[in-house]
2 protein chains.
Amino acid sequence: MRDVAIIGVGQTPVGEHWESSLRSLATDAIHAALEDAGTDQVDALYVGNAFGATISSQSHLGALIADHAGLAGIEAWAVDAADASGGAALRAGYLAVASGAVDTAIVVGVEKSTDMLGSARVRARNTALDADYEAIHGATLTALAALLMRRYMEEYGVELSAFEGFSVNAHANGSKNANAMFRNTLKPGSFARSPMVAEPVGLFDSAPDADGAAAVVLTTAERAADLSPHPVRLSASAVATSRFALQDRQDMLFLSAASQSASLAYAQAGISPDDVNLFELHDAFTILAALSLEACGFAERGQGWRLAQEGAIGLDGRLPISTFGGLKSRGNPVGAAGVYQAVEACLQLRGEAGPNQVSGARTALIQSLGGLGSTAVTHVLQALV
Amino acid sequence: MRDVAIIGVGQTPVGEHWESSLRSLATDAIHAALEDAGTDQVDALYVGNAFGATISSQSHLGALIADHAGLAGIEAWAVDAADASGGAALRAGYLAVASGAVDTAIVVGVEKSTDMLGSARVRARNTALDADYEAIHGATLTALAALLMRRYMEEYGVELSAFEGFSVNAHANGSKNANAMFRNTLKPGSFARSPMVAEPVGLFDSAPDADGAAAVVLTTAERAADLSPHPVRLSASAVATSRFALQDRQDMLFLSAASQSASLAYAQAGISPDDVNLFELHDAFTILAALSLEACGFAERGQGWRLAQEGAIGLDGRLPISTFGGLKSRGNPVGAAGVYQAVEACLQLRGEAGPNQVSGARTALIQSLGGLGSTAVTHVLQALV
């Protein structure tokens with residue numbers, strides 16, 4: 001298996017891009033990543049996207065985007081794993097380069113999720129749930145996250161305020177990120193007063209669905225050393241799943257797919273959680289942030305929220321998370337979110353994170369979740385020089 | 001790069017499966033393939049599907065199907081390349097095993113396309129076209145195929161009857177396939193009298209969209225030799241794209257993606273078209289059958305239809321195609337079609353094709369097209385023993 005590295009990154013701002021199409025957003029990110037990599041020689045394109053077919057009436061995004069980006073001819077196809085589509089597309093690119101079948105690949109995550117409102121948007125969003133046993137009964141991702149959060153609060157005896165630290169941290173970091181959707185910091189008391197979305201999930205517990213595109217250029221670690229002044233090694237790539245629906249899980253409060261894919265990734269990279277300098281996790285809901293920290297070995301069961309309360313997750317803390325704002329403040333461009341994580345981790349490892357820089361960052365963990373952790377995609381990134 | 005082989009195949013009948021869900025169909029094919037492979041040890045699942053989100057309100061099929069099939073925990077994600085989704089999922093499985101990241105993978109193609117009728121079905125179908133520049137103006141895949149066919153007839157001076165042989169062959173083969181959707185043979189004169197769908201594309205020029213699922217189990221060629229009495233090597237795997245829309249192509253009558261991916265596949269397998277014993281091509285329309293034969297080096301430009309007229313494509317001909325009925329008679333379970341091709345090619349190479357057997361088959365070419373050839377996925381399969 002060949003070692004794989006990232007030699008270029010690109011992203012568009014995250015937000016409501018009503019003036020841009022899927023292909024335009026994706027092309028902007030692709031061109032930025034190719035320019036950053038200093039190459040236009042690419043063999044393959046892997047696209048992460050969740051809602052093209054339902055919201056934009058557009059599937060077949062591989063060939064469509066390759067064409068629009070001026071890359072017609074190359075291998076191109078799209079990957080779906082709901083909210084984890086971006087992470088899964090990165091996995092596809094990793095496999096292609098690691099195998100030897102492809103020398104240079106570009107992975108782009110792209111989403112337009114704000115072109116629909118109301119029930120049409122909910123229907124599109126709900127395709128990521130179980131259509132026959134969850135969505136049809138009126139469940140939504142937020143409603144299910146609320147069940148999970150309420151169960152956590154009951155089981156571990158914590159109050160809503162236990163989750164405040166995640167939101168405060170995300171907005172503090174996002175406020176310094178020019179590509180973030182919501183650049184406001186959270187005033188003291190705002191979290192407690194936040195309107196409920198699905199009790200106990202409030203406005204500041206849930207990330208905003210957004211539009212955006214992010215891209216990374218992958219090649220072999222060997223070639224990367226020649227091509228890039230700051231190559232980043234993809235030291236591990238792992239995917240795991242769990243029982244799909246919450247009610248089928250033996251232990252609803254343990255994200256087994258997140259845990260399993262993280263364990264596989266640690267083993268492949270030869271590291272332990274202690275070696276991780278920053279963690280871009282899937283904070284679509286604050287409850288997922290807490291559970292992800294617990295599943296990935298950073299906190300005991302029921303204690304994930306303490307890292308936030310103790311300030312351990314800040315840029316200068318023991319384990320910085322959501323360093324550019326995470327899904328909460330940077331915004332959640334669903335099928336692109338996993339690629340944004342990769343871009344942001346690279347910027348950290350290259351020392352180019354500006355005001356968001358985690359000092360001395362050498363090893364980053366990124367994790368993309370589909371649904372409420374039904375799918376988990378985990379990668380370890382490490383600075384090569 | 002590790003050599004990859006297929007050690008198990010499974011399929012459901014193709015047709016209208018109103019009583020089965022996506023997950024049920026997929027699980028039936030997966031279990032059949034695992035039983036055929038004699039193993040239940042699988043590391044990863046790659047799903048090919050085109051219309052889950054639009055027709056069944058269901059995406060996130062990797063985790064969903066893994067769970068239903070009793071495989072929760074393993075890596076799982078889905079692949080979209082419109083009609084070529086099945087071929088692209090096979091590509092994903094190939095890359096995973098070839099890379100060394102995955103030892104045993106299952107690739108399943110699954111589609112339910114008959115649960116909608118009328119304009120809702122057309123809208124779902126049209127997501128595979130260019131939503132902004134084709135579908136929005138009223139184009140459909142069949143209408144665009146009609147333009148292509150008319151252009152071919154005009155350019156090369158052939159009549160509609162030139163395409164009859166493809167349909168006659170497909171139905172002759174499909175009539176002997178218990179899994180085929182339409183098992184009728186074509187009576188003399190039927191083709192000429194067939195009702196028009198989009199002139200000059202008639203009923204017998206176009207394949208019926210269908211439901212169904214097919215699966216193959218992949219592992220390394222080395223392990224395959226121990227595990228299976230009749231392993232089939234995936235000797236080549238290649239994907240290419242072309243300009244997306246017909247009007248952007250320099251030469252509308254040349255399927256450049258089909259040609260490019262076939263050339264790559266021949267080179268990887270170290271074979272020439274002369275070495276191919278059977279060709280499962282993407283005969284969603286008879287015009288695509290003719291153009292595919294030309295693009296893949298089996299006929300000169302404008303001469304593809306002659307192979308059908310001369311009987312070269314029959315089971316005992318020089319180049320048997322659509323040996324189990326192809327998309328036309330076996331039916332077109334869109335995102336599953338590419339995996340059906342792989343299953344059928346394996347049965348041929350294992351000498352288990354029954355009344356559809358191509359005598360002495362050792363090397364098979366399979367090719368899955370997305371849209372009107374915007375994406376092409378080509379694999380070479382060879383008997384290992």
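Which residue follows α9(B), and is its phi positive or negative? Select G270(B): this residue comes right after α9(B), and its phi is positive, near 70 degrees. Helices here are DSSP runs of H or I with at least four residues, strands are runs of E with at least two, and both are numbered from the N terminus.

Before going further, a word on the model. It is predicted, so local features need pLDDT of at least 70 and side-chain atom pairs count only at pLDDT 80 or more, while totals for chains, interfaces and linings use all residues. Residues are numbered from 1 along each chain as its sequence is written, and chains are lettered from A, with ligands numbered from 1, in the order in which they are written. Chain A averages a pLDDT of 97, with 100% of the residues at 70 or above; pLDDT is the predictor's confidence in each residue, from 0 to 100. The model's ipTM is 0.98 and its pTM is 0.98.

**Stop 1: helix α9 of chain B**

Now select residues 256-269 of chain B. The end C-alpha atoms of this 14-residue helix are 20 Å apart, which agrees with the 20 Å it should span at 1.5 Å a residue; the expected span is 1.5 Å times one less than the number of residues. Its buried residues include A257(B), Q260(B) and Y266(B). A residue is buried if 20 or more other C-beta atoms lie within 10 Å of its own, exposed if 12 or fewer, and partly exposed in between, with C-beta atoms placed from the backbone. Show β8 (232-241), α10 (286-295), β10 (363-370) and β11 (375-383) of chain B as well, since the buried residues of α9(B) pack against them. Contact means that two such C-beta atoms lie within 7 Å.

**Stop 2: helix α4 of chain A**

Move to residues 85-99 of chain A. This helix has 15 residues and reaches 21 Å between its first and last C-alpha, close to the 21 Å expected. Of its 15 residues, 15 are buried. G100(A) follows α4(A), with a positive phi near 95 degrees.

A little further on, pick V102(A), in the loop between α4 and β4 of chain A. V102(A) counts as buried because it has 22 C-beta neighbours inside 10 Å. Beyond four places in sequence, V102(A) touches D43(A), A44(A), A96(A) and V97(A). Try a distance to T220(A): the two C-alpha atoms are 9.3 Å apart, although 118 residues separate them in sequence.

**Stop 3: the two domains of chain A**

Colour domain 1 (4-117 + 210-231) and domain 2 (125-207 + 233-383) of chain A; these bounds come from an automatic or database domain assignment. The C-alpha centres of the two domains lie 22 Å apart. Their contact takes 41 residues from domain 1 and 34 from domain 2. On the domain 1 side, α4(A) gives the largest share, 8 residues.

**Stop 4: where the chains meet**

Show both chains: 53 residues of chain A are in contact with 53 residues of chain B. Elements giving two or more residues to the chain A side include α3 (61-68), α4 and β8 (232-241).

**Stop 5: the core**

Finish at V108(A) and V108(B), which touch the most other members of the largest nonpolar core, a set of 282 residues. Such a core joins buried Ala, Val, Leu, Ile, Met, Phe, Trp, Tyr and Cys residues through C-beta atoms within 7 Å. Around V108(A), the contacts beyond four places in sequence include A26(A), L45(A), A213(A) and V339(A).
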